[in-house]
Amino acid sequence: GGDAGADGAEGLPEIMELCDAAEEARGDAGALLSVIRNVGQRLRVSPGDRDLLSDFDGIANVCAALAEPPHEWRGGGVWAFCN
């Protein structure tokens, strides 16, 4: 985390907000894709958030969401997650 302006993450939600958003976006492929892309951007500009993502079940929330319909293994959400 920290100051978004100081780490280049202007306009990106905090990692904890993204964890919550991933859980809320479970049934919406477009929303989950957006969340996953934001997580990736956040981690690139704020590597310290990686620990928070795993400590607070963020990765587990994303994986659980990807395992449910309407998502599929060759869909955009999985592709974004892997990249």
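With which residue does R42 form a salt bridge, and how far apart are the closest N and O atoms? In this predicted model, the partner of R42 is E14, and the closest N and O atoms of the pair are 3.5 Å apart. Because R42 lies in helix α3, whereas E14 belongs to the loop between α1 (4-7) and α2, the pair ties together parts of the chain that are 28 residues apart in sequence. The two partners are not equally covered: R42 is buried, with a relative accessible area of 0%, while E14 is partly exposed, with a relative accessible area of 26%.

The structure holds 2 salt bridges, and R42 also takes part in the bridge formed by D49, for which the closest N and O atoms are 2.8 Å apart. D49 is buried, its relative accessible area being 0%, and through the sharing of partners the salt bridges join E14, R42 and D49 into one network. The charged side chain of R42, buried at 0% relative accessible area, is thus found between E14, at a distance of 3.5 Å, and D49, at a distance of 2.8 Å, each distance referring to the closest N and O atoms.

The network is set in a fold that has 6 helices and 0 strands, so that the pattern read along the sequence is α-α-α-α-α-α. Of the 83 residues of the protein, 33% count as buried. The largest nonpolar core has 16 residues, and those with the most contacts inside it are I15, L32, I36, V39 and L53. Helices α2, α3 (29-45) and α5 (58-66) each supply at least two residues of this core, and the largest share, 6 residues, comes from α3. Helix α3 therefore contributes both to this core and, through R42, to the salt bridge with E14.

Attention may next be turned to the surface. A negative surface patch is formed by E17, D20, E23, E24 and D57. One of these residues, E24, has its place in helix α2 (residues 15-24) and is exposed, with a relative accessible area of 68%. Helix α2 is also one of the helices that each supply at least two residues of the largest nonpolar core, and E24, a residue of that helix, counts as exposed because its relative accessible area of 68% lies over the cut-off of 50%.

Two further exposed positions are found towards the end of the chain, and each can be related to a residue far away in sequence. P69 is placed in the loop between α5 and α6 and counts as exposed at 69% relative accessibility; although P69 and D28 are 41 residues apart in sequence, their C-alpha atoms are 8.9 Å apart in space. W79 is found in helix α6 (residues 76-82) and is likewise exposed, with a relative accessible area of 58%. The C-alpha atom of W79 is separated by 9.1 Å from that of L33, a residue 46 positions away along the chain.

Note on methods
Residues are numbered from 1 along each chain as its sequence is written. This is a predicted model: local features need pLDDT of at least 70, side-chain atom pairs count only at pLDDT 80 or more; totals for chains, interfaces and linings use all residues. Side-chain values use heavy atoms; hydrogens and water are left out. Patches are made of residues with over 30% relative accessible area and no salt bridge: like charges are joined within 9 Å, nonpolar side chains (Val, Leu, Ile, Met, Phe, Trp, Tyr) within 5 Å. Accessible areas come from the Shrake-Rupley method with a 1.4 Å probe; for residues, only the protein chains shown count as cover. A salt bridge is a side-chain nitrogen of Lys or Arg within 4 Å of a carboxyl oxygen of Asp or Glu. Lys and Arg count as positive and Asp and Glu as negative; His and the chain ends are not counted. The place of a charge is taken as NZ of Lys, CZ of Arg, CG of Asp or CD of Glu. Helices (H or I, at least four residues) and strands (E, at least two) are DSSP runs, numbered from the N terminus. Buried means under 20% relative accessible area, exposed over 50%, partly exposed in between (1.4 Å probe, protein chains only). A nonpolar core is a set of buried Ala, Val, Leu, Ile, Met, Phe, Trp, Tyr and Cys residues joined through side-chain atoms within 4.5 Å.
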